[in-house]
There are 2 protein chains.
Amino acid sequence: MHRRLAGGLSRTLCSSVGKRLFSTRTPLAKHKLCMIPGPIEFHEDVLAAMSTPATSHVDPDFLPVFGEAIEMTREVVRTDKGQPFLVAGSGTLGWDMMSNVLEEGDSTLMVNTGYFGDRFAESLETYGANVHHVKASIGSRPSTKDIEAALVEHKGYKMVAITHVDTSTGVLNDIQALAQVIRQRSPESLIVVDGVCAVGSEELAFDDWGIDIVITASQKGLGVPPGLSVVVASQRALDVFKKRSSRIRNYYGNWNKWLPVMEAYEARSALYFATPPVQLLYALNVSLKQILANGPTGLSERIDAHRKASGQVKAAVQGLGLKLVPTSLEGAANGMTAVYTPPSIKTPDLIEAMAKKGVQIAGGLPIKAEPYFRIGHMGISVVEPERKHIQHVIESLHSSLNELNYRS
Amino acid sequence: MHRRLAGGLSRTLCSSVGKRLFSTRTPLAKHKLCMIPGPIEFHEDVLAAMSTPATSHVDPDFLPVFGEAIEMTREVVRTDKGQPFLVAGSGTLGWDMMSNVLEEGDSTLMVNTGYFGDRFAESLETYGANVHHVKASIGSRPSTKDIEAALVEHKGYKMVAITHVDTSTGVLNDIQALAQVIRQRSPESLIVVDGVCAVGSEELAFDDWGIDIVITASQKGLGVPPGLSVVVASQRALDVFKKRSSRIRNYYGNWNKWLPVMEAYEARSALYFATPPVQLLYALNVSLKQILANGPTGLSERIDAHRKASGQVKAAVQGLGLKLVPTSLEGAANGMTAVYTPPSIKTPDLIEAMAKKGVQIAGGLPIKAEPYFRIGHMGISVVEPERKHIQHVIESLHSSLNELNYRS
């Protein structure tokens, strides 16, 4: 049952298996389909890697597993020289990890599209930042003109922070367009993207768009159980960090500690700062190999698959007469859908009815909005349509609404 | 293959299975025995729980899994009202987690027995503490008299920090005796124990000994793959935290954020701050049920088993004419053994020779000592002697030394 995964598993071999990397092992036991915006459904091979027997974090067999994961993380966000940090923790830890580029009193512009924008800002304030928000009403997003105006009104932002997809509202920011404006109007500002609900499911071109930091987590588009915090920093961000004049503000998030560790593992040697989460890294290695199995084309096709599945879900939901939380389709995430619950139905009743049909969806988060629910559609649920996850979630939504006497 | 573990698995059922909780499933695939001081060898059922299919962190099935893990953590450290925090991260994160009880300039006494004492202090200094060290020479430990003298010389330590077992030297501190002296001489000082290489393998009585904070990690005595940071705080520590007058110093380690989350899950409901590492918590639930299967007696027998296995390893090593790093047996850990490498042999050669025989041991850490190596003996390797892990490590050490032409 417990196969020791070959650390050096050839990428070529992996690709030659074809686009669909279905496991040859026993399929997943029957369980509730997890169709929330993360944790998402995990591939059989990823789960098998989670139960890799005890392995030393300095075992020669483990070094390439970690090293390859670092290299492949770079490929997924499309950077040549960005520095990945793969650290045990939740996505939330990413905010602490990147906050060390800030010093007391540094001003930050927050492009805020929901609950996670508020939370990101709260974290920045913990580290002494002065945060100015550009907000739009629930479901919409600030325009590039709004950002331009904010950058003209106040000069010298150390950082512009943007949530790529705010998991609370399902609103998608146009990072490419925003980054272009920021680079023009405030070239010194670091561009920091919270990609927790976006990396692996939304288009992202770290180098081409001039991003400085992306943070994400394992349990969404990367397709790995929760417990890994992923941060990628540009050389510019690393320079800003190295030039800071005041004391570093936390210990576990200190890039000076992690940088030599990442460099060591990438060079297939080991260095200790904190024990890496060995099993999660085996799982990440497997999942990243699947994601990158067909190179840049495969990655691009993967993003397209998310667009397509998202279109299906949104069309089905709208076909049922339900209203999306995002006010426009181009401003809506491709990895999740946020939908207002019909006034005649209570959200917990809808979630329970769907759970009884074997599908787990999510309720809303505490934002100033009418009651709503959320459906996740990322990873194997969209790139392996033969699993029929999307079909299953749409059908069970339909029948659950009927059971609850919904009339559109 | 992937069994959904019943969240509400009855403790009574678990106990009735008897002391040895051997899995009925396929045994572990052949792999190198991981006999380092963490990660340790993991039980089949713990590894199976690691591959629990995707489960929402707010799924009703998951709530008791997390809730029970919180309750059982309390039992393992022997506290009635201490507050556990179970957070995605490495053991190192525990230092940041507990540092929020400190404010700029607070003085701390560090009972330092090696590399991890230095590192603990470095973390405290990141948070603005003034750290005074009481050190002993490599392999020995400060006496209670040394600590008493330090507490008389300088009054008003906000905290006394002690590494229970320093994983670099294998030195065991006598927490009970030290805590007694600290309580007498400096009753206001918080007593903070780094129990990363001790919880589950060394005796610890949080309430009876008057401990304020214990930090540990999943991959040692708790028998779960790395990725979980475990902190337990006394009500007194929580009060100190709540009464702090300055800003909280980090975001991810903010107890104000975690406390309601832990309380919610313990009450079998859910609250969000950061996505919990669902699979690791399933695994922790399984492992803690094994550890506590026979209640306090079982826990006490477990510590005895570690003493016994440690005695075997240390006697075997000394029988081979090798010298222990700890200068006394009562000051040596029961979960690991640190041994000087014979001058005629290079440590990497010894590690490699043992790896060829299927046993992974660890080298030394960067401390000012002659070359040495480390063997871990915790968890299933000692409480399930029928696995013959201890025998295997001793035999392969013996034959590896012979191969390398060692003469005692």
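Here are some questions and answers on a predicted model with chains A and B.

Q: Which rotation superposes chain A on chain B?
A: Put chain A on chain B and the RMSD comes out at 0.0 Å, with 0.0 Å of shift along the axis. That is the relation of a two-fold axis. The rotation itself is 180°.

Q: What share of the contact residues of chain A recur in chain B?
A: Both copies are served by the same surface. Put as a share of the contact residues of chain A, the part that recurs in chain B is 99%.

Q: Which residue of chain A comes closest to the rotation axis?
A: Go by C-alpha positions here. The closest approach in chain A is 2.1 Å. The residue that gets there is Gly89(A).

Q: Why is chain A as compact as a globular protein of its length?
A: Chain A is built with 15 helices and 14 strands. For its 408 residues the globule rule gives 22 Å, and chain A is close to that, so it counts as being as compact as a globular protein of that length. The radius of gyration behind this is 21 Å.

Q: What box do the C-alpha atoms of chain A fill?
A: Take the box along the principal axes of the chain. Its dimensions are roughly 60 × 60 × 35 Å.

Q: How much of chain A is made up of buried residues?
A: A residue is buried when its relative accessible area is under 20%. Apply that to the 408 residues of chain A, and the buried part is 67%.

Q: What share of the contacts in chain A with a separation of 6 or more joins residues 24 or more positions apart?
A: Start with just the contacts that have a separation of 6 or more. Among these, pairs 24 or more positions apart account for 72%.

Q: How far apart are the mean positions of the positive and negative charges of chain A?
A: Chain A carries 42 positive and 41 negative charges. Average the positions of each set, and the two means are separated by 3 Å.

Q: Is Thr126(A) buried or exposed?
A: Thr126(A) sits in helix α5, which covers residues 115-126. Leaving out residues up to four places away in sequence, Thr126(A) touches Arg249(A) plus residues of chain B, including Arg247(B) and Tyr251(B). Its relative accessible area is 12%, so Thr126(A) is buried.

Q: Is Gln184(A) buried or exposed?
A: Gln184(A) belongs to helix α7, residues 175-185. Leu151(A) is 33 residues away from Gln184(A) in sequence, and 9.9 Å away in space, C-alpha to C-alpha. With a relative accessible area of 57%, Gln184(A) is exposed.

Q: Is the peptide bond from Gly38(A) to Pro39(A) cis or trans?
A: Pro39(A) falls in the loop between β1 (33-34) and α2 (44-50) of chain A. In chain B, Gly38(B) and Pro39(B) are joined by a cis peptide bond with omega about -5°. For Gly38(A) to Pro39(A), omega is near 0°, and the bond is cis.

Q: What is phi of Arg268(A)?
A: Look in the loop between α10 (255-266) and α11 (278-291) of chain A for Arg268(A). Arg268(A) is partly exposed, at 32% relative accessible area. Its phi is positive although the residue is not glycine, with a value near 60°.

Q: What is the relative accessibility of Lys388(A)?
A: Lys388(A) is in the loop between α14 (380-383) and α15 (389-403). Phi of Lys388(A) is positive, near 60°, in a residue other than glycine. Lys388(A) counts as partly exposed, and its relative accessibility is 47%.

Technical notes. Residues are numbered from 1 along each chain as its sequence is written. Chains are lettered from A and ligands numbered from 1 in the order in which they are written. This is a predicted model: local features need pLDDT of at least 70, side-chain atom pairs count only at pLDDT 80 or more; totals for chains, interfaces and linings use all residues. Side-chain values use heavy atoms; hydrogens and water are left out. Copies are superposed by least squares on the C-alpha atoms of residues with pLDDT of at least 70 in both. Contact means heavy atoms within 4.5 Å. Helices (H or I, at least four residues) and strands (E, at least two) are DSSP runs, numbered from the N terminus. The radius of gyration is taken over C-alpha atoms; the globule rule is 2.2 Å times the number of residues to the power 0.38. Buried means under 20% relative accessible area, exposed over 50%, partly exposed in between (1.4 Å probe, protein chains only). Lys and Arg count as positive and Asp and Glu as negative; His and the chain ends are not counted. The place of a charge is taken as NZ of Lys, CZ of Arg, CG of Asp or CD of Glu.
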